[in-house]
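Open the model in your viewer and keep the sequence panel beside it. The stops below tell you what to select and what you will find there.

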Amino acid sequence: MVEANLDPDILKVFAQDRPVIELRALDPGYSGHGSDVWLVRTAAEEMIIRSSRLREEPDHEFWWGLKALFGVDPRDLIHFEAGLKLLRGIPDIPVPRVLGRKQLQGREYLAVERMKGSMLSSFVGQPDGLLRQFGVWLAKVHSLAFDGFGNLAGTQAEAKERFHPRLAETMRIMVEREHAHDPAMNEYLAAVLEELRHLPAPESFCPVMIDMGPTQFLAENGKITALVDAEAYAAAPRELDFIGLEYELDERAARPFIEGYSSVFDMPDLSRCRRAYRFFYRLMGVAGSVDIRRWMAQTELF
């Protein structure tokens, strides 16, 4: 049995006293991830156990911003569980079944079933069918509408009219925290805050993966076989998913994705909100510490 840093008492609870054939720590495939993840295999089943790495109040730019704006605390796996349970109703891309959630010595653990497939390393270069499948699935996710914004567990919810004022305040604090002496960041902040004062409230909110990327999915034989990472889901404007995807797709990959999405739901208009929402994603460090000018000049795909 491979050694991995998982509390034996938690292993005993989830394995239900069955002999463990394999125990292996898994690499989520990207830096800055907020969870420890293990594969556990017994004679009866395979499961994935995960637990937040965070012990104190979130301080990393991404997790701080997620909690400040949407009330998603990565230490509380109720958010991950709520995301999986909501998305299980959409059949196009399966999500793991939740097997249990336990707490031991102040640390929470969530067990889910292991899904088939290998981690998807990139959306670019994938078969058109996979990209259309992804577009159809995302449109169906976006069809799940909420009246306000917050998190999927329901621990924080605010009226839609408050979204842009709260976004503005969150970004102001994030610049003060991380970029107070950066003239370019402060210049963009001033311009974005002015835009937000005149930007209408989003029409609706839906489940949005704030760090949308390929490594949250598994694939096999030219199809996405599962979504396996839901720790950064929030009730947010659907435009945010498209903001993130402009950094994950290229023009060729965008075409079948748009075809799939448009077969279910009209594409959103990003022209009015793109600069403000892109600036927010840069402050969140969604794709790392990219120079702000290069970040804002990214090719527009939608």
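Select β4 and β5 together: in this predicted model they form a hairpin with two residues between them. Within the turn, Gln105 has a positive phi of about 50°. Strands here are DSSP E runs of at least two residues and helices are H or I runs of at least four, numbered from the N terminus. Residue numbers start from 1 along each chain as its sequence is written, side-chain values use heavy atoms, and hydrogens and water are left out. Because the model is predicted, local features need pLDDT of at least 70 and side-chain atom pairs count only at pLDDT 80 or more, while totals for chains, interfaces and linings use all residues.

Stay on the hairpin. Strand β4 covers residues 98-104, and its pairing with β5 is antiparallel, over six bridges. Two strands count as paired if DSSP finds at least two bridges between them. To see one of these bridges, pick Gln103, whose partner in β5 is Glu108.

Next, add strand β3, residues 46-52. Four bridges join β3 to β5, and the two run antiparallel. Ile49 is the residue to click, as it stands opposite Ala111 in β5.

Now select β5 alone, residues 107-113. How many of its seven residues are buried? Six are, so to speak of β5 as mostly covered is fair. Buried means under 20% relative accessible area, exposed means over 50%, and partly exposed lies in between (1.4 Å probe, protein chains only).

Move on to strand β12, residues 233-236. In a regular strand, side chains alternate between the two faces of the sheet. Both faces of β12 are covered: Tyr233 and Ala235 are buried on one side, Ala234 and Ala236 on the other. Then add β9, residues 206-209, which is antiparallel to β12 and joined to it by four bridges. Val208 has Ala234 in β12 as its bridge partner.

Finally, zoom out to the whole protein, which has 10 helices and 12 strands. Its radius of gyration, taken over C-alpha atoms, is 20 Å, close to the 19 Å from the globule rule (2.2 Å times the number of residues to the power 0.38) for 302 residues, so the protein is as compact as a globular protein of that length. The C-alpha trace spans about 60 × 45 × 35 Å along its principal axes. Colour by burial, and buried residues make up 53% of the 302.
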